[in-house]
Amino acid sequence: MDGIELETGKNPQAAVIWLHGLGADGHDFEPIVPELELTQPVRFIFPHAPVRPVTINSGMRMRAWYDILQLGGGPEDEAGLRASQKIVEGLIAREKERGVAAGKIVLAGFSQGGAIVLQAGLRHPERLGGIVALSTYLPLAQSVEAERSSENRDLPIFMAHGLYDDLIPVDRAEASRRRLEALGYRIEWHDYPMPHSVCAPEIADIAAFLTRVV
């Protein structure tokens with residue numbers, strides 16, 4: 001795997017697969033692990049996204065889970081989204097081979113990474129532990145109802161967003177939340193007075209969620 005791994009103790013029986021945002025890498029959320037202060041051993045996997053040209057950045061090559069064709073919605077890079085969904089599926093399979101039950105695997109992601117964990121987690125055929133979707137939105141929203149997994153229809157989903165996010169406006173995230181709730185998903189929603197970033201109260205809320213689900 002191209003990425004970073006951290007274990008909070010010996011013989012972890014739970015895993016968090018955490019995807020970074022556009023232009024970052026797996027190191028981006030590495031410092032958050034000690035701040036979560038989890039009491040049981042957990043393996044954190046921070047994969048690096050592939051390097052690819054990104055249309056909104058004038059075709060510049062950078063780490064990205066999929067191409068972004070324009071800001072604020074519009075056409076989506078379905079091929080890129082589905083390719084990164086397969087990367088996540090491979091990471092889940094690897095954790096299962098290492099002895100972690102699917103129900104003890106949480107998918108977490110920020111921005112682009114959050115879109116991918118929603119894309120993958122809602123469609124995964126086995127019951128997972130939960131999803132943490134930060135400063136993000138629901139991709140390929142029109143295909144979720146037809147493609148979603150019955151095993152994960154009651155999956156705990158933590159969604160959080162900054163009220164002053166100028167990259168992905170909070171209205172877009174709230175529309176995604178309403179779409180998921182209309183399909184019957186249980187969303188734990190939080191918003192914070194911050195831009196497109198992460199804040200200390202959010203980290204505390206994530207820690208409480210992870211403690212509950214794994």
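Analyst: Throughout this conversation, buried means under 20% relative accessible area, exposed means over 50%, and partly exposed means in between. The structure discussed here is a predicted model.

User: Is Arg-127 buried, exposed or partly exposed?
Analyst: Arg-127 has a relative accessible area of 29%. Partly exposed is the class between under 20% and over 50%, and therefore Arg-127 is partly exposed.

User: With which residue does Arg-127 form a salt bridge?
Analyst: In the salt bridge of Arg-127, the closest N and O atoms are 3.1 Å apart, and the partner is Asp-154. The pair links distant parts of the chain, 27 residues apart, with Arg-127 in the loop between helix 3 and strand 7 and its partner in the loop between helix 4 and strand 8. The partner counts as partly exposed at 39% relative accessibility, and its name is Asp-154.

User: How many residues apart along the chain are Arg-94 and Glu-5?
Analyst: Arg-94 and Glu-5 form a salt bridge in which the closest N and O atoms are 3.0 Å apart. Arg-94 lies in helix 2 and Glu-5 in strand 1, so that the pair links distant parts of the chain, 89 residues apart.

User: Which residue forms a salt bridge with Glu-95?
Analyst: Glu-95 is buried, with a relative accessible area of 1%, whereas its partner counts as partly exposed at 34% relative accessibility. The two side chains meet at 2.7 Å, N to O, and the partner of Glu-95 is Arg-98.

User: Which residues do salt bridges with shared partners join into one network?
Analyst: A search of the whole structure finds 14 salt bridges. The pair of Arg-94 and Glu-5 and the pair of Glu-95 and Arg-98 both have their residues in the network, which joins Glu-5, Glu-7, Arg-43, Arg-94, Glu-95 and Arg-98.

User: How many of the residues of helix 3 are buried?
Analyst: The buried residues of helix 3 include Gln-112, Ile-116 and Gly-121, and the buried residues of this helix pack against strand 2, helix 2, strand 6, strand 7, strand 8 and helix 5. Helix 3 is largely enclosed by the rest of the structure, because the number of its residues that are buried is ten of the ten.

User: Are helix 2 and helix 3 roughly parallel or roughly perpendicular to each other?
Analyst: Leu-81, Arg-82, Ser-84, Gln-85, Val-88 and Glu-89 in helix 2 meet Ile-116, Gln-119 and Ala-120 in helix 3. The two axes come within 9 Å and cross at roughly 70°. Angles of 65 to 115 degrees count as roughly perpendicular, and therefore helix 2 and helix 3 are roughly perpendicular.

User: By what distance are the C-alpha atoms of Val-132 and Ile-17 separated?
Analyst: Val-132 has its place in strand 7 and is buried, with a relative accessible area of 1%. Setting aside residues up to four places away in sequence, Val-132 touches several residues, among them Val-106, Val-117, Phe-158 and Phe-209. Val-132 and Ile-17 are 115 residues apart along the chain, and their C-alpha atoms are separated by 9.9 Å.

User: Is Ser-176 buried or exposed?
Analyst: Ser-176 is found in helix 5 and, leaving out residues up to four places away in sequence, touches Tyr-137, Leu-138 and Met-159. Its relative accessibility is 7%, and because buried means under 20%, Ser-176 counts as buried.

User: What is the phi of Leu-140, which is not a glycine?
Analyst: Leu-140 has its place in the loop between strand 7 and helix 4, and Leu-140 is buried, with a relative accessible area of 10%. Ser-58, which counts as exposed at 75% relative accessibility, has a positive phi of about 60° although it is not a glycine. Leu-140 likewise has a positive phi, and its value is about 45°.

User: What accessible area do Ile-56, Leu-71 and Leu-167 have together?
Analyst: Leu-71 lies in the loop between strand 5 and helix 2 and is exposed, with a relative accessible area of 56%. Ile-56, Leu-71 and Leu-167 form a nonpolar patch on the surface, and their accessible area together is about 260 Å².

Notes: Residues are numbered from 1 along each chain as its sequence is written. This is a predicted model: local features need pLDDT of at least 70, side-chain atom pairs count only at pLDDT 80 or more; totals for chains, interfaces and linings use all residues. Side-chain values use heavy atoms; hydrogens and water are left out. Helices (H or I, at least four residues) and strands (E, at least two) are DSSP runs, numbered from the N terminus. Buried means under 20% relative accessible area, exposed over 50%, partly exposed in between (1.4 Å probe, protein chains only). Contact means heavy atoms within 4.5 Å. Patches are made of residues with over 30% relative accessible area and no salt bridge: like charges are joined within 9 Å, nonpolar side chains (Val, Leu, Ile, Met, Phe, Trp, Tyr) within 5 Å. Accessible areas come from the Shrake-Rupley method with a 1.4 Å probe; for residues, only the protein chains shown count as cover. A salt bridge is a side-chain nitrogen of Lys or Arg within 4 Å of a carboxyl oxygen of Asp or Glu. Axes are lines fitted to C-alpha atoms, for helices over the stretch in contact, and angles run from 0 to 180 degrees between N-to-C directions. Angles under 35 degrees count as roughly parallel, over 145 as roughly antiparallel, 65 to 115 as roughly perpendicular and the rest as oblique.
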